[in-house]
Amino acid sequence: MAALPVIDPMPPVAACVLPWDGTVTNTVATIGRARSDCGDTFVVDSGEDRYLFLFSAAGLHAFYTVPETQASKGIADWKMLRRKLPDELFIGRRTLPHELFGRVAVAGYLDALEEAISLQLAELDGGCEIELFDFSRRLGHRLGLASWAGREVLRSVRFDELTAALDALDGAEAFVAPERMREVALNNKAAERRAMAQAEEILAESIGARAGPGNDLLGTIVTRWDDTAGAERMAGITRDVILVHIGSMSNLFAALGWSLVHLVQHPDVLARLRSGQDQGTDADLASRCVLESIRIGQRSIMLRTVLEPVAVDDGSQAYDVSPGATLATFLPLTNLAGAPGLDLYDPDRWRGQRPVSPAGLPAEAITTFGHGPHACPARPFSVTAIVRVIERLFGAYDLERRFSGAEPRPGQIGGVARAAAPCPVAVTPRAERRYPG
Ligand code: HEM
């Protein structure tokens with residue numbers, strides 16, 4: 001094994017590994033224990049990698065501001081995702097998710113989002129029982145695919161087959177179920193390759209039926225492949241769509257799931273939403289609910305692969321970190337534990353897009369969509385989509401809770417939490433529908 005990258009001076013080394021390299025049943029407890037034992041800056045040597053974890057205010061600031069050329073998020077993410085996704089999905093991509101979002105672009109997605117929500121809500125008429133994360137996952141597929149695979153794919157007779165293939169491919173499993181990655185490697189990603197081929201085939205059918213490129217987002221992706229033809233062109237287009245979609249499914253549906261769970265658990269907040277107070281001082285209550293649910297649900301490990309020697313100052317000590325090391329921080333240990341009261345659901349802790357309670361927290365102590373140069377480009381899109389689902393679902397239906405507690409999956413290390421156990425609710429149409437749609 002190659003020598004591990006040098007960190008000078010060397011911080012304390014925690015007595016644990018990360019879940020890709022050994023048994024870790026509860027990631028928050030394991031890394032939390034390492035922090036209690038070692039302090040806010042410590043090293044984890046795991047598998048072939050050396051991680052420098054940073055949790056102090058200055059350490060977090062250094063983490064979020066380090067330039068990509070010195071310590072790369074792109075490479076760190078790729079190293080994580082390639083445990084699950086076939087290498088060929090990353091090769092030759094011409095559409096990066098960054099290019100598809102922004103405040104101006106959100107307006108263009110609204111019709112597609114409304115159509116996706118309408119189709120999903122139509123399945124609830126007459127009343128039924130649903131599991132909130134199954135519901136959110138199916139809706140997440142619809143919201144995303146309507147936005148970048150062309151709205152017509154929502155009505156494809158093979159839509160369920162497509163989402164099943166995308167669920168089998170699911171790059172997020174690399175951090176949602178890290179313990180499975182050894183099995184994925186042993187099978188040489190055979191199931192993932194089959195799923196990718198099937199998703200490509202179904203998308204190609206839908207895209208091939210278009211008369212022209214179209215003036216939606218799929219049209220933008222299609223025109224990027226104008227200089228190619230035949231199988232090369234269709235593989236390029238469909239893989240661009242698949243990679244954007246797989247990226248979106250890392251967080252969006254789970255954030256939606258927790259937003260619904262928390263509103264079902266907090267009828268007082270739901271009553272405020274419904275009572276129309278959102279016309280006055282509560283105008284942005286729904287989006288504050290979304291931010292609060294994401295804060296609580298965040299299980300992201302944030303990673304940067306060091307490419308050039310970099311000095312990282314944690315406020316007490318400057319460390320010289322050599323190429324090959326990985327800078328890291330872990331959101332549940334800041335979002336939920338940085339001050340008293342952060343374990344409680346309170347959408348009123350937000351003023352607009354910023355947490356203001358507890359007062360005096362450092363800027364990077366609470367993270368929903370990230371900070372600095374790598375902050376999420378899909379934030380306006382994601383918040384808009386979830387707010388519209390909340391408005392339309394709770395406006396038209398009552399959801400009766402049929403679960404007692406809702407806990408995150410303990411082995412997860414990345415993205416927004418998946419639930420450890422099902423969260424069923426009984427759905428009945430409301431006599432009085434307050435929200436449009
Ligand atoms: C509620 C849903 C979402 C949450 C909570 C979320 C969260 C985040 C966070 C925390 C980061 C920063 C990560 C870091 O600094 O290492 C990030 C970056 C990113 N997100 Fe999201 N995200 C969401 C939805 C989406 C969607 C729908 C997409 C579209 C495919 C997306 C694409 C990206 C991309 C491309 C980046 C990297 C930006 C860069 O490196 O410059 N996200 N997201």
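Q: Which side chain meets Asp 216 in a salt bridge?
A: Keep in mind that we're looking at a predicted model. Side chains of opposite charge can pair when their charged atoms come close. Here the N to O distance is 2.6 Å, and a salt bridge needs the two atoms within 4 Å. The partner of Asp 216 is Arg 210.

Q: Is Arg 210 buried or exposed?
A: The cut-off for buried is under 20% relative accessible area. Asp 216, at 27%, counts as partly exposed. Arg 210 has a relative accessible area of 19%, so it ends up as buried.

Q: Which residue forms a salt bridge with Asp 77, and how far apart are the closest N and O atoms?
A: Look in helix H3, residues 73–81: Asp 77 and its partner sit 4 residues apart there, so about one helical turn separates them. The partner is Lys 73, and the closest N and O atoms are 2.5 Å apart.

Q: Are Asp 77 and Lys 73 buried, partly exposed or exposed?
A: Partly exposed covers the range between under 20% (buried) and over 50% (exposed). Asp 77 has a relative accessible area of 29%, and Lys 73 is at 25%. That makes Asp 77 partly exposed, and Lys 73 is also partly exposed.

Q: What is the distance from the side chain of Lys 73 to an oxygen atom of the ligand?
A: We've already met Lys 73 as the salt-bridge partner of Asp 77. Its side chain also has an N or O atom by the ligand, and a polar contact asks for a pair within 3.5 Å. The distance from that atom to a ligand oxygen is 3.4 Å.

Q: How many residues surround the ligand?
A: Start with the closest ones: His 98, Asn 251, Arg 304, His 374 and Cys 376. They belong to a longer list of surrounding residues, and the full count is 24.

Q: How far are the side chains of Arg 304 and His 374 from an oxygen atom of the ligand?
A: Both residues are among the closest to the ligand. For Arg 304, a polar side-chain atom lies 2.8 Å from a ligand oxygen. For His 374, an N or O atom of the side chain is also at 2.8 Å.

Q: Which residue is the only protein donor of the iron atom of the ligand?
A: To find it, go to the loop between strand E11 (354–355) and helix H16 (379–396). The donor atom is an SG, placed 2.3 Å from the iron. It belongs to Cys 376.

Q: Where is the cis peptide bond that leads to Pro 358?
A: Most residues other than glycine have a negative phi, and most peptide bonds are trans. Pro 358 lies in the loop between E11 and H16, where we also found Cys 376. With omega near 0°, the cis bond runs from Ser 357 to Pro 358.

Q: What is the omega of the cis peptide bond from Asp 8 to Pro 9?
A: Pro 9 is in the loop between strand E1 (7–8) and helix H1 (27–38). The bond that reaches Pro 9 from Asp 8 is cis, with omega near -5°.

Q: What phi do Asn 188 and Lys 189 have?
A: Asn 188 is in the loop between helix H8 (181–186) and helix H9 (190–208), and Lys 189 is in the loop between H8 and H9 too. Neither Asn 188 nor Lys 189 is a glycine. Still, phi is positive: near 55° for Asn 188 and about 55° for Lys 189.

Q: Which label, buried or exposed, goes with Asn 188, and which with Lys 189?
A: The cut-offs are under 20% for buried and over 50% for exposed. Asn 188 has a relative accessible area of 55%, so it is exposed. Lys 189 is at 12%, so its label is buried.

Q: Which residues make the nonpolar surface patch of about 240 Å²?
A: One member, Leu 307, is in the loop between strand E6 (301–306) and strand E7 (310–313). Leu 307 is at 37% relative accessibility, so it counts as partly exposed, and patch residues need over 30%. The patch is made by Ile 75, Trp 78 and Leu 307.

How values were computed: Residues numbered from 1 in each chain as written. Predicted model: local features only at pLDDT ≥ 70, side-chain atom pairs only at ≥ 80, totals over all residues. Heavy atoms only, no water. Patch = residues over 30% accessible without salt bridge, like charges linked within 9 Å, V, L, I, M, F, W, Y side chains within 5 Å. Areas by Shrake-Rupley, 256 points an atom, 1.4 Å probe, with all protein chains shown as cover. Helix = DSSP H or I, 4+ residues; strand = E, 2+ residues; numbered from the N terminus. Buried < 20%, exposed > 50% of the residue type's maximum accessible area, 1.4 Å probe, protein only. Near = heavy atom within 4 Å. Polar contact = N/O pair within 3.5 Å; in protein donor to acceptor, adjacent residues only side chain to side chain. Donors = N, O, S within 2.8 Å, 3.2 Å for Na, K, Ca; no water.
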